[in-house]
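Q: Could you take a close look at the pockets of this protein, beginning with the elements that build the lining of the main one, and then set them against the rest of the chain?

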Amino acid sequence: MSTLNASFVQNMPIVRPEYFFIIGLSGIPYSSYYYIFLFITYFIAVIGNSIVLLIIALERSLHSPKYIGVFNLALADIGETNAVIPNMMKTFFSDSQFISYNACLANMFFVNFFITVQSVTLVVLAFDRFIAICLPLRYHALLNNTVMSLVFLVVWAFNTSLVALAASLMTRLSFCKTNVVQSYYCDYGPVLRLACNDNSINIFITNLIAALFLVAPLCIIVLSYMGIFFALSKITTWEARLKALKTCVSHLILVGIFFLPVICIFIASSITSLTPNARVISTSLSFTLPPMLNPIIYVLNTAEIRVLIRKVLKKRIVPIRNISK
């Protein structure tokens, strides 16, 4: 009987809904205020990351391997926030929570793509710090602008192909039960769970992406910092150790605000069953807060950018004082 059922499911025509219904936050009073909060974080993220992009692009002293990585991270942050929040605002403030099938797949692709780019960029920046501290004399031989640019070209190409494969495999699924997505955007997992035919290939690709872009990056970053701390332990003076460690502070904070929310969500979902509203709030915060905080952290913790901003402000303030006199 099970064999007959399996063959019947395989021979079923693929059912693709014209629209998906994005449920978002349901049954929570004043939920619109939460969406306004997310829009404020979006505004800060776009402005902050745009400033970082402009500073790095216009200031020749920042045209170095490290800042190519920072530039790439700011670009991915802008891409991710633009993929998530404007669509969300349009959906919930226009009182139309429907999204077309093709728009859903596109939304799914861009959100997942930019998240994977963020993850890999943090790995590349960890490698940059590892080479700078553990192999300082070989830094310029191993890492230069050309090498870093080629690395990110490969990253973007590889991530595009793998995430596009995952999104395209959704077209082989049949959605014959419901079209209600328990999320605030076309989230891959909730959409995948709506399928009523065999989705084993999709689950495999999902696990592969999670392993490549969440588990592996975190492990590589941890190993990199183990090497960095071992190298720092060989430095004789505490002043030299702290000076070297200060160059890693910004990156460590970025790693924390990117990976900790994901780890907490994973642990919470393993211990207990998260309600749809809890999942929406936790994932939306983990997606929107890091892009907002990243440029702030780099401006506050990076001496080169702080000095550059002071120079610009002094140039603007001095003429104003002269005019006032």
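A: In this predicted model, the lining of the largest pocket draws at least two residues from each of α4 (101-134), α6 (145-168), α7 (188-192), α8 (200-233), α9 (238-271) and α10 (276-301). Among these helices α8 gives the most to that lining, with 10 residues. The pocket itself, the largest in the model, has a volume of about 1,500 Å³. Its lining comprises 43 residues, and those closest to the centre of the pocket are Thr 206, Ala 210, Leu 214, Val 262 and Arg 279. By residue class, the lining of the largest pocket divides into 27 nonpolar, 12 polar and 4 charged residues.

The second largest pocket, for its part, has a volume of about 280 Å³. It is lined by Lys 66, Arg 129, Lys 246, Thr 247, Val 249, Ser 250, Tyr 298, Asn 301, Thr 302, Ala 303, Glu 304 and Arg 306. Two or more of the residues in this lining come from each of α9, α10 and α11 (303-324), and α9 gives the most, with 4 residues. Here the division by class is 3 nonpolar, 4 polar and 5 charged residues. Helices α9 and α10 thus appear in the lining of the largest pocket and also in that of the second largest pocket.

Turning from the pockets to the surface, a nonpolar patch is formed by Tyr 30, Tyr 33, Ile 36, Ile 40, Phe 43, Ile 44, Ile 47, Ile 51, Phe 93 and Ile 296, which together have about 1,000 Å² of accessible area. Helix α2, spanning residues 31-58, gives the most to this patch, with 7 residues. One residue of the patch, Ile 44, lies in helix α2, and Ile 44 counts as partly exposed because its relative accessibility is 35%, a value that falls between the limits of under 20% for buried and over 50% for exposed.

As for the setting of these features, the secondary structure of the protein chain comes to 11 helices and 3 strands, and from the N terminus on the elements run α-β-α-α-β-α-α-α-β-α-α-α-α-α. The C-alpha atoms of the chain fill a box of roughly 80 × 55 × 35 Å along the principal axes, and, of the 325 residues in the chain, 42% are buried.

Note on methods
Residues are numbered from 1 along each chain as its sequence is written. This is a predicted model: local features need pLDDT of at least 70, side-chain atom pairs count only at pLDDT 80 or more; totals for chains, interfaces and linings use all residues. Side-chain values use heavy atoms; hydrogens and water are left out. Patches are made of residues with over 30% relative accessible area and no salt bridge: like charges are joined within 9 Å, nonpolar side chains (Val, Leu, Ile, Met, Phe, Trp, Tyr) within 5 Å. Accessible areas come from the Shrake-Rupley method with a 1.4 Å probe; for residues, only the protein chains shown count as cover. A salt bridge is a side-chain nitrogen of Lys or Arg within 4 Å of a carboxyl oxygen of Asp or Glu. Buried means under 20% relative accessible area, exposed over 50%, partly exposed in between (1.4 Å probe, protein chains only). On a 1 Å grid over the protein atoms alone, a cavity is a set of points where a 1.4 Å probe fits but cannot get out, and a pocket is an open set with protein on both sides within 12 Å along at least five of seven lines; lining residues have an atom within 4 Å of a point. Grid points are joined across faces, edges and corners, and a volume is the space filled by probe spheres set on the points. Ala, Val, Leu, Ile, Met, Phe, Trp, Tyr, Cys and Pro count as nonpolar, Asp, Glu, Lys and Arg as charged, and the others, Gly among them, as polar.
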